Amino acid sequence: MSNASLISGPHTHAPTSVPYVMRQVIYALLPALLFGIVLFGLPSLWLVMVSVATGLASEALSLYLFKRPIKPFLNDGSVVLTSLLIAMTLPPWAPWWIAVLGVSFAVIIGKHLFGGLGQNVFNPAMLARVMLLVAFPIEMTTWITPAPIFSSAAPSFVDTFIITFGGYIPNADAFTGATPLGHLKTELTLHHSVSEILADYSYFNSILGWNSGSLGETSAILVLLGGIYLIFRRIISWHIPVAILATSFVLATVFSIIDPARYANGFYHVLNGGAMLVAFFIATDPVTAPSTPRGQIMFGIGIGIIEYVIRTWGSFPEGVGFAVLLMNALTPLIDHYIRPRIYGRTRSGKPLPSSQG
Amino acid sequence: MMKLFRFRGGVHPEGHKEATTHKSIQVMPMPKRLYVPVQQHIGAPAEPEVSVGDKVLKGQLLAHSQGAVSAPIHAPTSGTVVEIGEYPAPHPSGLAVRTVVIETDGEDKWIDNPVVPLDPSKLSPDEVAVRVGAAGVVGMGGATFPSAIKLKLGKRNKIETLLMNGGECEPYLTCDDRLMQERAADIVEGTRIILRAIQAERAHLVVEDNKPDAIAALQKACGPSADITVVVVPSRYPMGSEKHMIQAVTGKEVPAGGLGADVGVLVHNMGTAYAVCQAVKHGRPLISRVVTVGGGALSEPQNVEVPIGARLSDVVEFCGGLTEDAARVIMGGPMMGQVMPHLDVPVVKGTSGIIALTQAEVNNRETMPCIRCGSCVNACPCGLLPLQMAAQARAGNLDNVVDLGLLDCVACGCCSYVCPSHIPLVQYFNYAKGELTARQQAKHKNQENKRLIEQKNERLERARIEREEAAARRKAEAEAKKRAAALEKAQKEAEKQAEQSA
């Protein structure tokens with residue numbers, strides 16, 4: 001169209017934009033993120049800062065290399081969100097280079113090699129987490145027992161730098177501990193029953209987040225509140241989170257009824273291992289999820305099933321990332337086959353019959 | 001309360017109606033000149049009946065309709081025809097359209113009874129349709145389809161329900177709202193006339209719940225009548241879309257590619273009912289209409305009864321002019337209206353609004369890549385996948401866009417409205433629709449060429465055969481002559497021999 005004045009309607013627009021959407025998600029993440037920083041102390045803050053800095057640098061570098069406009073994309077908030085999400089799924093005292101590797105991998109390979117914003121097939125944050133988990137299993141499974149910032153349990157100020165930038169945890173045994181899911185897995189292989197293993201497990205701590213785990217995913221309640229905020233703001237819809245949580249809850253409940261000694265119950269699965277974070281913040285990444293409500297429910301059920309299978313019978317208790325990536329791969333297929341019914345047509349696409357003979 | 005239904009999707013754009021909904025309709029002074037296009041409707045343009053220099057009276061026929069789908073044009077006031085020429089049309093392109101220019105004389109003198117007023121209840125359905133057609137009434141909601149043709153639909157299909165569309169779901173627009181508030185009795189009267197013409201059982205005056213005053217006025221005008229009732233529907237864009245209003249009120253869906261008549265429903269606009277009443281009861285042709293003049297860039301937003309052919313500049317001036325931050329002037333509402341190239345275009349029968357928007361109101365930003373958020377899928381009232389359609393249109397895969405339902409798209413703009421990436425989805429679809437039409441035209445042209453070539457070949461072949469046949473005939477004749485001559489000769493010789501032997 002040569003004539004610039006040939007503009008189609010609408011000539012007004014809802015008060016939304018990509019930066020607005022990204023900002024809302026970041027706001028929703030903040031409570032859980034801040035809680036993680038408080039719970040695991042300054043090393044986790046350094047890790048978050050390294051992640052965001054790496055994210056911005058790799059985004060700028062990628063945009064320059066791929067000759068994409070730098071300013072609008074660097075400012076759209078998407079890379080900050082990706083960086084924060086990756087930081088939140090890392091062990092809180094992981095060394096700085098884990099964050100650098102993970103975030104730059106996510107941004108350069110996970111996002112820009114696929115074509116940049118909106119083009120990636122796989123969720124960049126989960127891609128980074130899975131890559132790190134497979135390549136650096138020790139660093140990625142060194143979990144910290146809560147050592148709140150400025151508390152007597154916290155490491156000294158100098159030590160926090162040694163932890164993050166020296167890659168060495170002074171007096172490590174005093175700080176490290178297993179995550180609930182890891183603990184369950186290990187003890188089960190020692191033939192202890194679930195009731196013995198969970199004898200001193202506190203659901204309250206899991207809800208609150210007072211547990212070992214990734215930097216920002218321990219607090220089920222804060223993640224849940226953030227997710228509800230996003231649904232309320234219509235940034236995400238309920239379909240994916242509800243489908244994921246309901247599926248893994250139902251599966252876990254069924255198996256724990258069949259054999260309570262070997263399988264933990266539904267609440268345990270829904271509250272731990274980042275299930276909430278994945279359900280509300282990772283799987284709902286619009287780029288890599290189906291775009292129709294029915295497709296989203298299928299997608300969520302798929303993640304719920306794979307997540308439960310990997311946790312229960314696989315060798316990665318914290319392996320929810322695999323579930324997301326597998327379903328990401330199925331998204332184009334789901335979107336191809338699951339379509340809404342068109343007005344005036346049957347599901348198969350034929351016009352509805354006329355009531356006039 | 002009637003049971004209502006829900007259509008999928010839709011959006012809730014900010015209404016902006018409070019600026020004009022409580023102000024009564026103003027009549028603007030007659031401009032010095034009126035620019036009346038002969039094409040103000042869907043179908044064939046009308047053919048001028050007047051010549052330059054003619055004195056015309058208000059309501060006099062300026063141009064008669066031609067073809068099955070067309071509508072006549074009448075003089076909006078008295079004056080002199082000073083020119084019949086090409087002037088910019090009220091369309092984004094600003095392309096020229098044949099226009100009758102009238103220099104008004106300020107007397108506004110009516111022609112003696114252009115059509116004799118009659119008691120509508122004594123007219124047959126056909127007579128109603130003829131009168132409505134002769135008065136140049138077209139769909140006033142913006143579609144501008146000649147109303148008389150729709151009235152005749154009742155003959156072909158059994159229409160059970162007539163819906164009078166008072167949705168007016170576009171932001172800013174309140175012209176129907178004010179018309180319903182101020183002229184409810186005429187609207188109900190017009191509805192009754194249409195009802196009789198299409199011989200339907202009942203009519204519903206359908207109004208969105210954000211117009212309580214209009215609802216009250218209509219209810220009062222309807223009285224206790226059983227055949228015409230007011231139905232209040234929730235405010236949700238695009239409630240005023242014919243297909244979606246039918247679904248919201250009756251629960252029925254118009255089959256793809258069909259009309260409301262296919263499910264026994266006919267929809268007319270409230271403004272059309274008013275125009276029908278004027279035409280049939282008072283014998284007055286459609287020569288003016290109520291226009292909402294509004295938007296954040298307009299000094300004094302209000303509803304104005306504007307003579308057809310008044311330029312936007314005249315109307316805007318009457319409403320105090322534009323403010324400095326005017327970014328875009330729209331004819332119609334901001335969701336589906338069209339950008340005007342400038343203000344030197346006339347108000348036509350389908351002009352529901354002249355909306356001057358500021359940059360902040362337009363809120364257009366740089367387009368970002370699609371993040372596949374699915375907002376457009378959730379907003380689409382037709383069950384389409386706008387994001388996929390746009391991607392296919394961009395890639396030039398026209399067949400895929402059609403497969404995804406391009407022709408089921410009503411261009412309501414919900415998808416573009418909610419898109420966080422500010423992708424001009426409707427523009428893509430309009431482009432694809434244009435391409436499709438161009439392709440069909442090209443195909444048609446090819447077929448037509450093929451047909452002509454075949455015809456020519458056939459003709460040449462026939463001529464050749466005829467020539468050959470003629471040649472053969474001539475040859476045969478010549479031979480026959482020869483043979484006859486030889487026979488004669490032989491006979492003569494035989495006779496000679498016989499004579500000799502005898």
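**Helix pairs, core and chain B**

User: What hand does the crossing of H14(A) and H16(A) have?

Analyst: Right-handed. A crossing gets that label if the near helix is turned clockwise from the far one by less than a right angle, and left-handed if anticlockwise. This is a predicted model, where local features need pLDDT of at least 70 and side-chain atom pairs pLDDT 80 or more, while totals for chains, interfaces and linings use all residues. Residues are numbered from 1 along each chain as written, and chains are lettered from A and ligands numbered from 1 in the order written.

User: Why are H14(A) and H16(A) called roughly antiparallel?

Analyst: Helix H14 (residues 239-258) of chain A and helix H16 (residues 275-282) of chain A pack at about 155 degrees, axes 8 Å apart. Angles run from 0 to 180 degrees between N-to-C directions, with axes fitted to C-alpha atoms over the stretch in contact. Under 35 degrees counts as roughly parallel, over 145 as roughly antiparallel, 65 to 115 as roughly perpendicular, and the rest as oblique. So roughly antiparallel is the right name for this pair.

User: Which residues meet there, H14(A) against H16(A)?

Analyst: A:Pro241, A:Ile244, A:Leu245 and A:Ser248 from H14(A) meet A:Ala275, A:Val278, A:Ala279 and A:Phe280 from H16(A). Contact here needs C-beta atoms, placed from the backbone, within 7 Å.

User: What makes H6(A) and H18(A) oblique?

Analyst: Helix H6 (residues 124-135) and helix H18 (residues 320-337), both of chain A, cross at roughly 130 degrees, with axes within 9 Å. That angle falls in none of the named ranges, therefore the pair is oblique. H6(A) passes H18(A) in a left-handed crossing.

User: How many residues are in the largest nonpolar core, and which touch the most other members?

Analyst: It has 243 residues, and those touching the most other members include A:Leu84, B:Leu218 and B:Phe429. Helix H1 (residues 18-40) of chain A gives the largest share, twelve residues. A core like this joins buried Ala, Val, Leu, Ile, Met, Phe, Trp, Tyr and Cys residues through C-beta atoms within 7 Å. Buried means 20 or more other C-beta atoms within 10 Å of a residue's own (exposed is 12 or fewer, partly exposed in between).

User: What share of chain B is buried?

Analyst: Of its 502 residues, 52%.

User: How does chain B's radius of gyration sit against a compact globule?

Analyst: Chain B has 31 Å, whereas a compact globule of 502 residues would be near 23 Å. The globule rule is 2.2 Å times the number of residues to the power 0.38, and the radius is taken over C-alpha atoms. Those atoms fill a box of roughly 130 × 65 × 50 Å along the principal axes.

Definitions and conventions
Helices (H or I, at least four residues) and strands (E, at least two) are DSSP runs, numbered from the N terminus. Two residues are in contact if their C-beta atoms, placed from the backbone, lie within 7 Å.
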